[in-house]
Amino acid sequence: MAYDEKLASFRQARLNPFDRGEEEDETEDGNIPPRLVGWSITEELESLDMFSVELYTEAKSELYCSEARTHGSDRTMDLGLAEDHFSRPVGSLAACDVEQLEQAIEECKQLILELPEHSERQKDTVVKLIHLRLKLQELKEPEEEEPNLRVLLEHRFSKEKSKSVKQTCDKCSAIIWGLIQTWYTCTGCYYRCHSKCMNLINKPCVRSKVSHQSEYQLNICPEIGLDRQDYRCAECRTPVSLRGVPSEARQCDYTGQYYCSTCHWNDTAIVPARVIHNWEFEPRKVCRSSMRYLALMMSRPVLRLKEINPLLFNFVEELVEIRKLRQDVLLMKPYFITCKEAMEARLLLQLHERQHFVENDDMYSLQDLIEVASGRLSCSLTEIHTTFAKHIKLDCERCQAKGFVCELCKEGDILYPFDSHTSVCHDCSAVFHRDCYYDNSTTCPRCARMSERKQDDPPDVKDVFT
């Protein structure tokens, strides 16, 4: 029986309440309209929302895993492709709609199995199945007003309003279709999940760990073995094995532990231990929780290199340059906090993204080390250093007046502690020419005067009675 004859016999035998008429899919002479001739499944899917592609794949896999495979010849067109299952008939009930849609979906599945594989008619029916399933989901899960903010396990979940951005649920690993699903994002660690997955979350917010324990694992991939983990995921305790049965064991290069495919998505990140010990910046595979932790810790200055690996300065010349620039910034800081013009110009705010640079010279963040290796930090810090020095030595008369004259040779220009050819006394902060300071065998003249002054001053009353 030809396709058109089967379609006509089906519509005479059954009445679909969602049908708006046969004129949409057939012309007056009974032929298939041009829009179905040479039609491409890709063109139709492009006209759907982004989630249609995923539902298409899911529908196909569900169909070919089904046990029901009947081959009735008279039911080849159990559903016409012109029915509009999105417009409900006047006076119909929701319960009736659900039953009819479920029946239509089952018939559509059977129809796809009976049609020739990869044929245009089968592709048409698959697209229709997608529409039916979307409509059924809308009826079964009516939209309810969800709270905008929810707190759970120190997560602060905020309801997202984006409908077009494609995201993945961190709990069930399924796609989040914002057009028909409600989803939340933690404002602290950016954990994303469906609204229906909220009550299943058992992972606390990573930001709380960052707040309570701001330190890195500094051993390179400290593996303990699957036997020590009882052959279970280190996070959710799901059984895992290296053979992939029942779930694949994936190692996190940061913690050294093994995780299941739900907790480890093969994300990559730069591992701090490899940077500090090997000066290696190649991203390694880490679990989801480690990836979030490393992202939140990226800009935190918690690495004291001279204690962890002091030899690194002998092999990385860029680190030596950065350390000298940071030391100069600390020497310039007293000029700025006592200068009215510098305070009004907010010169120190040029380092607001690296506040630790104006507090010490030995603490580094992972982001600092990454930019040291790329050369960006050296360029930006050199530019800021030049701006600071220009203000002190050229632009501001008050800062110029705070310069020093070398008391050892009493010659040369005005000296500043951040000049490259000077040395600073550690006790009194006096500035000398470097050659003069190291060639002089006597003590610092300023320290000697201060010592003599203390001896000449009368003793304090408290010292007399002690």
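The buried residues of helix α13 (366-374) pack against α7 (272-278), β11 (303-304), α9 (305-308), α11, β12 (363-364) and α14, where contact means heavy atoms within 4.5 Å. Leu366, Asp368, Leu369, Ile370, Glu371 and Val372 are the residues of α13 that are buried, a word that stands for under 20% relative accessible area, with exposed set at over 50% and partly exposed in between, for a 1.4 Å probe and protein chains only. Just after α13, Gly375 takes a positive phi of about 90°. The helices (H or I, at least four residues) and strands (E, at least two) named here are DSSP runs, numbered from the N terminus.

This is a predicted model, in which local features need pLDDT of at least 70 and side-chain atom pairs count only at pLDDT 80 or more, while totals for chains, interfaces and linings use all residues. Residues are numbered from 1 along each chain as its sequence is written, and side-chain values use heavy atoms, with hydrogens and water left out.

Two of the partners of α13, helices α11 and α14, also pack against each other. Two packed helices are described by the angle between their axes and the distance between the axes. For α11 (residues 317-337) and α14 (residues 376-395), the angle is about 30° and the axes lie 10 Å apart; axes are lines fitted to C-alpha atoms, for helices over the stretch in contact, and angles run from 0 to 180 degrees between N-to-C directions. The two helices are therefore roughly parallel to each other, given that angles under 35 degrees count as roughly parallel, over 145 as roughly antiparallel, 65 to 115 as roughly perpendicular and the rest as oblique. The contact draws on residues of α11 including Ile322, Leu325, Val329 and Phe336, and on residues of α14 including Ser378, Leu381, His385 and Ile392. By class, the residues of this contact divide into 11 nonpolar, four polar and three charged, with Ala, Val, Leu, Ile, Met, Phe, Trp, Tyr, Cys and Pro counted as nonpolar, Asp, Glu, Lys and Arg as charged, and the others, Gly among them, as polar.

Ser378, which lies in α14, shows this packing at the level of one residue. Its relative accessibility is 16%, so Ser378 counts as buried. When neighbours within four places in sequence are left aside, Ser378 is in contact with Glu321, Ile322 and Leu325.

Elsewhere in the chain, four strands form an open sheet in the order β1-β2-β5-β6, with antiparallel pairing; two strands pair if DSSP finds at least two bridges between them. Strands β1 (149-152) and β6 (192-194) stand at the edges with a single partner strand each, so one side of each is left without a neighbour in the sheet. Neighbouring strands of this sheet are turned by 30° against each other on average, direction ignored. Between β1 and β2 (residues 155-159) there are four bridges, and Val151 stands opposite Arg156 in β2. These two strands form a hairpin with two residues between them, and Leu153 in the turn has a positive phi of about 50°. At the other edge, three bridges join β5 (residues 183-186) to β6, where Thr185 stands opposite Arg192.

The chain as a whole has 18 helices and 14 strands, and of its 466 residues 41% count as buried. Among contacts between residues at least 6 apart in sequence, 63% join residues at least 24 apart.
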